[in-house]
Structure formats: C-alpha cells, structure tokens
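Morning, everyone. Let me put the structure up, and then we go straight in.

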Amino acid sequence: MINYSIAIMSTTPGTKKAQITETKAYGVAQMLRKVSFDEFCEHIAEHNSPFSKGTVQGILTDAVSCIREMLLDGKKVALGDLGDFHVELKTEGARTTEEFSAANIKAVNVRFTPGTRFENLRSESTFQLVPNRSAQADAIEGIKNEDTIQGLESPGYNGEP
C-alpha cells in the first residue's frame, strides 16, 4: 500500500511564491520509513537466496564500486529489469563552442532510468490517503498537550487521576 497526502502546488514548477498565479491539488507519496542497507540485504537473503546477508552486502557494495568505476569511464551501465545508470553533465554555458571547455562543466550527476518492471507501478498499486507531514506533526503535538487521548481511555475512566 502506498500512502499519499494531497498538496496544493503551483502549476508552474520553480515559480517563486509571489509569482504563483495558478495552483492545483497534487498527490504526494508519503513513505512509511527508510529501509537501511542492512535491512535490505537481510530481506534479499530471506527470499530463498542461497546467499547470506553478509554475502549479499558484499556483492552490492562491490556493485556500487564497479558501477561508479564504469560511469567514470564514460559507460552506461545496464542492469536488466532494474534499469540503467548513466552520467549527466551540469554545465555553464559559453557564447561559442570555441569558448566552451571542461572548465564549464560544474557537476557530473548520476541518473537512473528504471527498467521495464519499474517504469510504472500504477496497475499493481493500492493507495491510502493520509495527512501530510505538517498535519501529522500538529496532531501529535495536540495529543502531547492533552490530558487524555480521545478514544484511548480505559473503560470507565472519568478523567480523574
């Protein structure tokens, strides 16, 4: 199940607040939690893998090093159903091609293009509307400031200590 909240946002991304002329309601995914590398490796090991969690960790750690090495060597790395990794350059423009040099390259960013099994998970997804993070924080703060939590009182509790 994918949790989502609804946010009101500008229809023109990157627009400064003072310049926003039109907004719409959009769905925003709300992650339950981040799964650590250790937990992920354990999860793989528990799915009928002949490899231990430690072996899986080693393979994935080595894979990261190898992908990085190949990207720095100018290669695109295809990982089947997972997807492809490649580099993208962030550059500062020059007036002419003669004036452009490697000094104009300001960043080398890694990009991931999902494989076919990750392209669009919509048909396999179920969704649940949840409050946004701000509303959740407000509700928690409200609960902390109340003497009792509505709906969680013990049967027969009258509010007295």
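Start with Tyr4. Buried or exposed? Neither: Tyr4 is partly exposed, because its relative accessible area is 26%, and the buried class needs under 20%. Keep in mind that this is a predicted model.

Now the aromatic rings. How many aromatic pairs are there? The count comes to two. Tyr4 and Phe127 make an edge-to-face pair. Their ring centres are 6.4 Å apart, with 80 degrees between the planes. Why edge-to-face? Because the angle is 80 degrees and that class takes planes over 60.

Where do the two partners sit? Tyr4 is in strand β1, residues 2–10. Phe127 is in strand β6, residues 127–129. So this pair ties together parts that are 123 residues apart in sequence. Phe127 is also partly exposed, at 39% relative accessible area.

Next, Phe85 and Phe112. Here the ring centres are 5.1 Å apart and the planes meet at 50 degrees, so the pair is tilted. That angle fits because stacked needs under 30 degrees and edge-to-face needs over 60. Phe85 lies in strand β4, residues 83–91. Phe112 lies in strand β5, residues 105–114. So the pair ties together parts 27 residues apart in sequence. Phe112 has a relative accessible area of 39%, so it counts as partly exposed.

Stay with β4 and β5 and go to the surface. Which residues form the nonpolar patch? Val87, Leu89, Phe100, Ile105, Val108 and Val110. Together they have about 480 Å² of accessible area. Two elements, β4 and β5, give two or more residues to the patch. β5 gives the most, with three residues.

Take one member, Val87. Val87 sits in strand β4. Its relative accessibility is 34%, so Val87 counts as partly exposed. Why can a partly exposed residue be in the patch? Because the patch cut-off is over 30% relative accessible area, and Val87 is at 34%.

Last stop, Thr23. Thr23 is in strand β2, residues 23–30. Thr23 is partly exposed, with 43% relative accessible area. What does Thr23 touch, leaving aside neighbours within four places in sequence? Thr23 is in contact with Ile8, Met9, Ser10 and Thr11. For Ile8, Met9 and Ser10, that means contact with β1, because β1 covers residues 2–10. And how far is Thr23 from Phe118? The two are 95 residues apart in sequence, and 30 Å apart in space, C-alpha to C-alpha.

How values were computed. Residues are numbered from 1 along each chain as its sequence is written. This is a predicted model: local features need pLDDT of at least 70, side-chain atom pairs count only at pLDDT 80 or more; totals for chains, interfaces and linings use all residues. Side-chain values use heavy atoms; hydrogens and water are left out. Helices (H or I, at least four residues) and strands (E, at least two) are DSSP runs, numbered from the N terminus. Buried means under 20% relative accessible area, exposed over 50%, partly exposed in between (1.4 Å probe, protein chains only). Contact means heavy atoms within 4.5 Å. Rings of Phe, Tyr and Trp (its six-membered ring) pair if their centres lie within 6.5 Å; planes under 30 degrees apart count as stacked, over 60 as edge-to-face and the rest as tilted. Patches are made of residues with over 30% relative accessible area and no salt bridge: like charges are joined within 9 Å, nonpolar side chains (Val, Leu, Ile, Met, Phe, Trp, Tyr) within 5 Å. Accessible areas come from the Shrake-Rupley method with a 1.4 Å probe; for residues, only the protein chains shown count as cover. A salt bridge is a side-chain nitrogen of Lys or Arg within 4 Å of a carboxyl oxygen of Asp or Glu.
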